[in-house]
Each structure stands twice: as C-alpha cells, then as structure tokens.
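Work through the exercises below with the coordinates open. Each task is followed by a solution in steps.

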Amino acid sequence: MKRVFTFGCSFTAFRWPTWADFLVHHFESNGLMGVNWGKHASSNQYSFIKFMEMNAEFKFNKDDLIIFCWTSYAYRDWE
C-alpha cells in the first residue's frame with residue numbers, strides 16, 4: 001500500500017479527529033500518502049460521488065487502500 005483514501009460521513013470527518021484522521025496521519029508519518037475525504041453530515045451518495053471524482057484525479061490502483069464508512073441507506077445530505 002502506498003496511498004490511503006477514506007470516504008464517509010461524520011464518523012469519518014468531524015470537529016475532532018476520527019479514525020480516518022489517525023489512519024491518514026499514520027500513513028503520512030511513514031512517508032506515504034493519505035487523504036481523508038469524509039464530510040460531516042454527508043450521505044452515501046456524496047461519498048460515492050467524491051470517490052468517483054477522486055478516482056478521476058488520482059487514478060486509483062491495486063496498491064491503494066480505499067475505505068468507506070457507509071451511513072444508513074436512507075440518510076440524506078443536509079448541507
């Protein structure tokens with residue numbers, strides 16, 4: 001693994017550090033790339049669209065670690 005990308009809702013990105021922030025920090029402290037694309041109050045639709053946008057930009061490959069923290073299927077974006 002050379003890069004880690006995280007996507008999700010408030011459990012992934014909030015006002016204080018989340019599991020994704022710690023994971024990204026761990027990767028970066030070992031000289032690897034890490035990006036947390038989670039967003040507070042976001043839905044699965046937002047996470048998937050952001051994933052597709054980042055795939056177009058970063059060209060994900062077999063060496064990447066991509067983690068989703070899905071929310072409820074009925075959850076909607078509030079922002």
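The exercises concern a predicted model and go from chain order to sheet, packing and overall dimensions.

**Exercise 1.** Determine in which order the elements of the chain run from the N terminus on.

Solution. Start with the inventory: the chain has two helices and three strands. Reading from the N terminus then gives β-α-β-α-β.

**Exercise 2.** Work out the strand order of the sheet and name the edge strands.

Solution. Take the pairings in turn. Strand β1 (residues 3-8) is joined to strand β2 (residues 33-36) by four bridges, and the two run parallel. One pair to check here is T6 in β1, with N36 as its bridge partner in β2. Next, six bridges link β1 to β3, again in parallel. On that side F7 stands opposite F68 of β3. Combining the pairings gives an open sheet in the order β2-β1-β3. The edge strands are therefore β2 and β3 (64-69), since each pairs on one side only. From one strand to the next, the twist averages 10 degrees.

**Exercise 3.** Place the two helices relative to the strands.

Solution. Helix α1 (residues 19-29) forms a right-handed β-α-β unit with β1 and β2. Helix α2 (residues 44-58) packs on the sheet and touches β1, β2 and β3. The direction of α2 makes about 155 degrees with that of β1.

**Exercise 4.** Compare the radius of gyration with that of a compact globule.

Solution. For 79 residues, a compact globule would have a value near 12 Å. The chain has 12 Å, so the two agree. As a further description, buried residues, under 20% relative accessible area, make up 35% of the 79 residues.

Methods
Residues are numbered from 1 along each chain as its sequence is written. This is a predicted model: local features need pLDDT of at least 70, side-chain atom pairs count only at pLDDT 80 or more; totals for chains, interfaces and linings use all residues. Side-chain values use heavy atoms; hydrogens and water are left out. A crossover is right-handed if, with the strands pointing away from the viewer, the path from the first strand over the helix to the second runs clockwise. Axes are lines fitted to C-alpha atoms, for helices over the stretch in contact, and angles run from 0 to 180 degrees between N-to-C directions. Contact means heavy atoms within 4.5 Å. The radius of gyration is taken over C-alpha atoms; the globule rule is 2.2 Å times the number of residues to the power 0.38. Buried means under 20% relative accessible area, exposed over 50%, partly exposed in between (1.4 Å probe, protein chains only).
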